[in-house]
Amino acid sequence: MTTISINQFKDYEGQTVRVGAWIANKRSSGKIAFLQLRDGSGFAQAVVVKADVAEELFTLAKGVTQETSVWVTGNVKSDGGRTPLGFELEVSDLEVIAESVDYPITPKEHGTEFLMDNRHLWLRSRRQHAIMKVRNEIIRATYEFFNKEGFVKIDPPILTSSAPEGTTELFETDYFGQSAYLSQTGQLYMEAAAMALGKVFSFGPTFRAEKSKTRRHLIEFWMIEPEMAFFDHDMSLEIQEQYVSYIAQSALTNCKNELELLGRDLEKLAQVKAPFPRVRYEDAITFLKSEGFDDIEFGDDFGAPHETAIANAHDQPVFITHWPKEIKPFYMKVDPENPELVLCADLIAPEGYGEIIGGSQREDDYDRLKEEIIKEGLDETDAYDWYLELRQYGSVPHSGFGLGLERTVAWISGIEHIREAIPFPRLLNRIHP
């Protein structure tokens, strides 16, 4: 007897196979029981016909409970195109592995907070399965893109001694008598790696000690962070738009069924192709004022309503470039045409999903960078001495950016709440932010 996965049904049409699965749902009439199976690779229907099996087996099939684990034996048959899988199982035998009693997430509607508190179980649902498949495809396509472009994967530390994005959002811990912090970003270390390997990227967890339970924010999330030696600001923007286009089209091609299940408008994803529009910060301020926003002035950061208004004016993701120096981190390179601005950009996703990328050309002049570090009240002689040394020994123009995975997954999937895009957004002992 051949044991296969649900996603292999297409290769075994007309053959008798065995599948290990869980019962996602069921329905039955007097003569037929329909079992919805899931095994991690996909979902499929198993059909138990009373006239074709022993009475005990049919009784078992009618009484089997949601999330009971089973071995199912049967013949793989075409379902006439009724489902994306295209095949179903005509059951000849059914064996319970472990019974599930009073499974808390029933087919009825549940509130988001209840589902998030039961994330370890909610992850089994068809919707969450689809989101995780899209997430996996974006990760796969990320590695594929950067490998094709000649980037080298480098892993920065998770515990760090420095604060690239400011000290107010750091999780501090005691590191054998010294202060250390959960990483906000791997950027500084990736700059060092770029000076050795040219084009590099990291992909790992980052942390922000920011109490927020909005649908747009997470305390722990994953970030893809490329850094590129000999790249100026414009060259970096080109890589960013090529990368985002690549992962969007990869998801559209390889996760079409999952995106349709999630109700995603596929036409909107099909439009995501480089180049993307570029709007200078000062022009964005002018636009917002023309749209009736009287709560924004030059020098202010944008909130969610401002980003949404800008996004809604474009069919594509849009770059907001050349931000005021005073509201951006110390490491960004000053615009040579206007010392009040820096060579940076935020990439705003369409449809109100907000910023998915922040990037800039990095300051490559030793004296200017040291001046900015001192101005920020940071310790240039300890935590940042090695970072300054990168500008002492063969400094070059270089740029980089960071893409937040979960917000990107939320946008590409078309889901409302960003917490659905991370497998376990809260600790399983129910510690809440």
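**From a buried serine to the salt bridges**

Serine 100, with a relative accessibility of 12%, counts as buried, because buried here means under 20% relative accessible area. The model in which this residue appears is a predicted one. Along the chain, serine 100 has its place in the loop between strand 6 and helix 2, and its side chain reaches the backbone oxygen of glutamine 66 at 3.0 Å.

From this loop one can turn to the strands. Strand 6, which covers residues 87-98, pairs with strand 5 in the antiparallel sense, and 10 bridges join the two. Within this pairing, valine 76 stands opposite leucine 89 of strand 6. Strand 5 also pairs with strand 2 (residues 16-28), again running antiparallel, and here seven bridges make the connection; one example is threonine 16, whose bridge partner in strand 5 is asparagine 75. How enclosed is strand 5 by the rest of the structure? Of the 10 residues in strand 5, which spans residues 69-78, seven are buried, and therefore the strand is largely enclosed by the rest of the structure.

Charged side chains offer another way through the model, since a search of the whole structure finds 25 salt bridges. One of them joins arginine 419 to glutamate 113, with the closest N and O atoms 2.9 Å apart. Arginine 419 belongs to the segment after helix 13 (405-413), whereas glutamate 113 belongs to helix 2 (residues 112-117), so this pair ties together parts that are 306 residues apart in sequence. The two partners can also be described by their accessibility: arginine 419 counts as buried at 7% relative accessibility, while glutamate 113, with a relative accessible area of 36%, is partly exposed.

A further salt bridge is formed where the side chains of lysine 133 and glutamate 258 meet, at 3.7 Å from N to O. Because lysine 133 lies in helix 4 (residues 126-148) and glutamate 258 in helix 7 (residues 256-261), this pair ties together parts that are 125 residues apart in sequence. Lysine 133 is partly exposed, having a relative accessible area of 30%, whereas glutamate 258, at 16% relative accessibility, counts as buried.

In another pair, lysine 333 forms a salt bridge with glutamate 363, and the closest N and O atoms are 3.4 Å apart. This pair links distant parts of the chain, 30 residues apart, with lysine 333 in the loop between strand 14 (318-324) and strand 15 (334-335), and glutamate 363 in the loop between strand 17 (354-362) and helix 11 (366-375). Both lysine 333 and glutamate 363 are buried. Salt bridges can also be followed through more than a pair of residues, as Arg38, Glu67 and Arg124 are linked in a network of them.

Helix 6 deserves a look along its length. It runs over residues 233-254, which makes 22 residues, and it reaches 32 Å from its first C-alpha to its last, close to the 32 Å expected at 1.5 Å a residue. The N-terminal end of helix 6 is capped by aspartate 232, which has a side-chain oxygen 3.2 Å from the backbone nitrogen of aspartate 234.

Finally, which residues form a nonpolar patch on the surface? They are Leu159, Tyr175 and Phe176, and together they have about 370 Å² of accessible area. Tyrosine 175 lies in strand 9 (residues 172-175), and, with a relative accessible area of 43%, this tyrosine is partly exposed.

Notes. Residues are numbered from 1 along each chain as its sequence is written. This is a predicted model: local features need pLDDT of at least 70, side-chain atom pairs count only at pLDDT 80 or more; totals for chains, interfaces and linings use all residues. Side-chain values use heavy atoms; hydrogens and water are left out. Buried means under 20% relative accessible area, exposed over 50%, partly exposed in between (1.4 Å probe, protein chains only). Helices (H or I, at least four residues) and strands (E, at least two) are DSSP runs, numbered from the N terminus. Two strands pair if DSSP finds at least two bridges between them. A salt bridge is a side-chain nitrogen of Lys or Arg within 4 Å of a carboxyl oxygen of Asp or Glu. Patches are made of residues with over 30% relative accessible area and no salt bridge: like charges are joined within 9 Å, nonpolar side chains (Val, Leu, Ile, Met, Phe, Trp, Tyr) within 5 Å. Accessible areas come from the Shrake-Rupley method with a 1.4 Å probe; for residues, only the protein chains shown count as cover. The expected span of a helix is 1.5 Å times one less than its number of residues. A polar contact is a pair of N or O atoms within 3.5 Å; within protein, one must be able to donate a hydrogen and the other to accept it, and residues adjacent in sequence count only if both atoms are side-chain atoms.
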